[in-house]
Amino acid sequence: MPFRRGNDAKRRWRLSAKLLIAASVATVLGFSAVCVGVMFDMRRGEEQLARRTLENLASGIEADISRNIELYDLSLRAVASNLEMPEIRNVSKELRQLILFDHAATAKHFGAIQVFDSKGNLTIDAASLDPRPENRSDEEYFAIQRDHPDAGLYISRPMLHRGAYAIVLSRRIVGEDGGFLGVVVGSIRFSYFHDLFDRLTLMPGDTITVLRNDRTIIMRTPFDLDVIGRNLAEQLDWQAANLKVGGAFSGKGPVDDTPRLYVRRSGTGPLYVVVGKPLEAVFNLWRTEAIRIGAIMAFLILFVLSATLVLAREIVRRADAEDKLEELATTDALTGLKNRRKFDGEIDREWRRAGRHGQPVALLMIDADHFKAYNDTYGHQAGDQVLVGIAICISDAVRRAGDCPARFGGEEFAVLLPNMTALEALNLAETIRGKVQQWCEGELITTVSIGVASMRPVAGQQWSDLIEAADKALYAAKANGRNQSVLATVPKIALVA
């Protein structure tokens, strides 16, 4: 019914406001989660793109280095092989130079090939027919070839060789009996690496590091002599597992504290290449997009939440306004009790409920005695005060939450008492009558007469029958002299003083 909305309607409105807020928050969280997921996908995409770019760069550099080392190594092998021929000792120096070095690889960055005997003495030099005396027996590359027959091509640490920084390549010379006859040595100057790296377009902070398989740094750009020759295997704060063959690593490297994305190529040759790019540069574009999208999302979230709060507040305000309208529509303005419209709705609802559950419904009809004479004598304002006082006495006596005291009309009041027997209702009526009699004092004493009725609804009965029975009991109380309570019986009315 329209007049029964009350607290139920208020609860529905407040629930709607909460659901609106919850739905908005859930929507915001959902879109935020999607946005965060997309941003992380973009970040992974930027990292993968940078990794592929660095892999291609490292592959190109490593291929160039490996090709030059292989060409130079072929020359060293040819010299070592030709020296094994007995006839080479009997030819002239000019012819020997021609046989040994005619097909040797030459380039501006390659040093002249030299041959040292088993004691480390220089015997043949591609740059001179009469080389000056030298002894390199104390060099690492000589000792390695002398003491390790299976050393193969050995690349030394970066060193000062023949007036220039270079790496020395060496191969063992063996006799027919497999004995050690000496070492053939060549060098690749650092100028080769400088020239190679200068051809590349590198961004600030980018690094290229060429390492030996034992993790000795052969060359690095930016160039730093303090770093060249360092063996990373001896560095405790850096583990080889951080950068596996063909893998990538993000974080601080072994040389400086700048976080980078490092990529290592295959490492199948004697040297391998590691290329690094600062993470700040890798994610610079992504960071710009993330800030832009984040700002847009923050604005949208703020807008949605603000709009939601405004709508929720309006819903609550509407609920409060409807509560006030409901109260005005169902409350008697003078006494504060329920009005006739609200009372009719309540008695209809309780009558139906009592009929379903077989419970009694009691009703008190209360009328002020001699009210017209009091009103005419003392005026309408005094009469209104009497009605308010009677309403207060009724409210003070009626305690249960389901009871409904109402102003029925004029000086007449009604109290609906669900699930109350006739005797309980009669006792309550007497309590109300006593309170009114105790409260009303003056030249003209005002009392009340009360009609009491209680029924268990059965088929064919209407709640109007209950009102009629209580009304008849009220008339009987007035006919008997007023200021008393009368209990109605159905169909016969019994008068009880």
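This tour proceeds through a predicted model, from a central strand to the cores, the aromatic rings and the cysteines.

**Strand 6 and its partners**

Begin by selecting strand 6, residues 180-189. Of its 10 residues, 8 are buried, so the strand is largely enclosed by the rest of the structure. Next, add strand 1, residues 114-117, which runs antiparallel to strand 6 and is joined to it by 4 bridges. Within this pairing, D117 has G182 of strand 6 as its bridge partner.

Now display strand 5, residues 164-174. Strand 5 also pairs with strand 6 in the antiparallel sense, over 9 bridges. The two strands form a hairpin with 5 residues between them. In the turn, select G178, whose phi is positive, at about 85°. Then move to I167, which stands opposite I188 in strand 6.

**From I167 into the cores**

Keep I167 selected and show its surroundings. Leaving aside residues up to four places away in sequence, its contacts include I155, P158, I188, F190, F193, I218 and L271. I167 is also among the residues with the most contacts inside the largest nonpolar core, together with I65, F193 and V210. That core has 56 residues. Helix 1, residues 6-83, supplies its largest share, 13 residues. A second core, separate from this one, has 31 residues, among them F371, Y374, I394 and A429.

**The aromatic cluster**

How many aromatic pairs does a search of the whole structure find? The search returns 10. Select F190 and F193 for an edge-to-face pair, with 6.4 Å centre to centre and 80° between the planes. Both residues lie in helix 4, residues 190-198, 3 residues apart, or about one turn of the helix. Adding Y192 shows another edge-to-face pair, formed by Y192 and F193, at 5.1 Å centre to centre and 65° between the planes.

Are Y192 and F193 buried or exposed? Y192 has a relative accessibility of 6% and therefore counts as buried. F193 is likewise buried, with a relative accessible area of 1%. To see the whole cluster, select Y165, F190, Y192, F193, F197 and F223, which ring pairs link together.

**Arginines over rings**

Turn next to R264, which lies over the face of Y272 at 3.9 Å from the ring centre. A further stop is R340, placed over the face of F408 at 3.8 Å from the ring centre.

**Cysteines**

Finish with C35 and C393. C35 counts as buried, at 17% relative accessibility, and C393 is buried with a relative accessible area of 8%. With sulfur atoms required to lie within 2.5 Å, the count of disulfides is 0.

Terms used
Residues numbered from 1 in each chain as written. Predicted model: local features only at pLDDT ≥ 70, side-chain atom pairs only at ≥ 80, totals over all residues. Heavy atoms only, no water. Buried < 20%, exposed > 50% of the residue type's maximum accessible area, 1.4 Å probe, protein only. Pairing = 2+ DSSP bridges. Core = buried A, V, L, I, M, F, W, Y, C linked by side-chain atoms within 4.5 Å. Contact = heavy atoms within 4.5 Å. Phe/Tyr/Trp six-rings, centres within 6.5 Å; stacked < 30°, edge-to-face > 60°. Lys NZ or Arg CZ within 6 Å of the ring centre and 35° of its normal.
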